[in-house]
Every structure is written in C-alpha cells, then in structure tokens.
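Visitor: I am new to this structure, and I would like a close look at a single part of it. Please take me through that part and its surroundings step by step.

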Amino acid sequence: MILLLPAVCCAGHASAADRALGEKLAVEHCRRCHTIPGESNMSIGNSPSFKAMVTSPAGDWRYKFEVFYALRPHASFVRVMEFRSAPEYPLGIAPVAISLDDIPNLLAYVDALAADLRK
Ligand code: HEC
C-alpha cells in the first residue's frame, strides 16, 4: 500500500502533462468535428465547440473531457489502445486512436483554454 502512494499522489500532477501535446492531439483528432480556437474549421452539426464547452456554466465539462472516449458518440469510433477490444466502427467514420497517456495532455490543453477564455 505504501508503495502505491507516490503513484497516487503524482498521477494527475499538472507538470507531468503537456499542453502543446494536448493541443496537437485536439487538432489531429477532434478538429474533424469540433471547432477548436485558433483553428479555422467548421464543426460538424451538433458537435459543441471547445470554446462553448470550456466556458459552459455547467460544472461538468472537465469531467466530460476526462472520459469523453466513453461518452456518445465517441465510444463508437475512439479506440483507446490500452483497452482490449476495438469498437466496431460504423461505416464512414475514420477511427481515432488514442492512449490513456494522452488524456492528461488533453486536459492540460483544455484547462489552459478555459483559463484563457474565462478571463
Ligand atoms: C466524428 C465526430 C467527433 C470527433 C472526431 C470528436 N467528437 Fe467530441 N463530440 C461529437 C459530438 C457529435 C458531440 C455532441 C454529443 C452530444 O451532444 O450528445 C461531442 C461531444 C463532446 C464532448 C461533450 C460530451 C457530452 O456528453 O457533453 C466532449 C468533452 C468531446 N466531444 C470531446 C472530444 C475530444 C477530446 C475529441 C478528440 C480527441 C473529440 N471529442 C472528437 C463528435 C465528435
């Protein structure tokens, strides 16, 4: 138990996460559907923009970014490499492949975005 403590204490430590890597990930994988600040693109139909999400008064946006791969519609096209089974991709949707290690970077990026946009 004692041996586990360092891992628990530092797992979500901000300095371990990299905002630039998170932004790269968002541009590469999320821009296809979501509008991302600073990127000229048009979002798809009902995909909320990153700006709308991080400035939303609802307090749950950060939690949703932590688990987005399990939330609809992502569960059907996002493959998390650490999980054993790949989703059965619906026709016409290019899969997104990420690692659980990407999530802290993504969170570092959206946290920074939230701090900038909420000023
Ligand atoms: C193929 C299109 C598509 C891609 C690619 C995509 N999303 Fe989404 N995302 C959506 C749609 C559509 C919604 C709205 C779902 C709803 O309103 O129920 C959404 C909603 C969300 C939400 C809010 C979830 C909720 O339940 O409110 C988050 C957070 C999110 N996306 C993060 C991401 C991240 C991070 C990426 C990239 C790693 C990404 N998405 C890539 C289509 C996409």
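**A close look at helix 2**

Guide: Ala20 and Glu28 are exposed, and they lie on the side of helix 2 away from its buried residues. The model is a predicted one, in which local features need pLDDT of at least 70 and side-chain atom pairs count only at pLDDT 80 or more, whereas totals for chains, interfaces and linings use all residues. Residues are numbered from 1 along each chain as its sequence is written.

The buried residues of helix 2 are Gly22, Glu23 and Ala26 (buried means 20 or more other C-beta atoms, placed from the backbone, within 10 Å of the residue's own, exposed 12 or fewer, and partly exposed in between). Seen down the axis of helix 2, these buried residues fall within an arc of 100°, so they line one face of the helix (the arc is that of the directions from the axis to the C-beta atoms). Helix 3 and helix 5 are among the elements that cover them.

Helix 5, which spans residues 102–117 and has 16 residues, has buried residues of its own, namely Asp102, Ile103, Asn105, Leu106, Ala108, Tyr109, Val110 and Leu113. These residues pack against helix 2 (19–30), and also against helix 3 (50–54), helix 4 (61–66) and strand 2 (96–98) (a contact needs C-beta atoms within 7 Å).

Just before helix 2 comes a loop that joins it to helix 1 (5–10), and Ala16 is found there. Ala16 is exposed because it has 12 other C-beta atoms within 10 Å. Its C-alpha atom is separated by 8.0 Å from that of Pro104, although the two residues are 88 apart along the chain.

Helix 2 also takes part in the surroundings of the ligand, where 22 residues form the shell, the closest being Cys30, Cys33, Ser47, Lys64 and Phe68 (C-beta atom within 6 Å of the ligand). Helix 2 and helix 4 are the elements that give two or more residues to this shell, and helix 2 gives the most, with three residues.

As for the whole chain, it has five helices and two strands (DSSP runs of H or I, at least four residues, and of E, at least two, numbered from the N terminus). From the N terminus on, these elements run α-α-α-α-β-β-α. Buried residues make up 14% of the 119 residues in the chain, and of the contacts with a separation of 6 or more, 45% are between residues 24 or more positions apart.

Terms used. Expected span 1.5 Å × (residues − 1). Contact = placed C-beta atoms within 7 Å.
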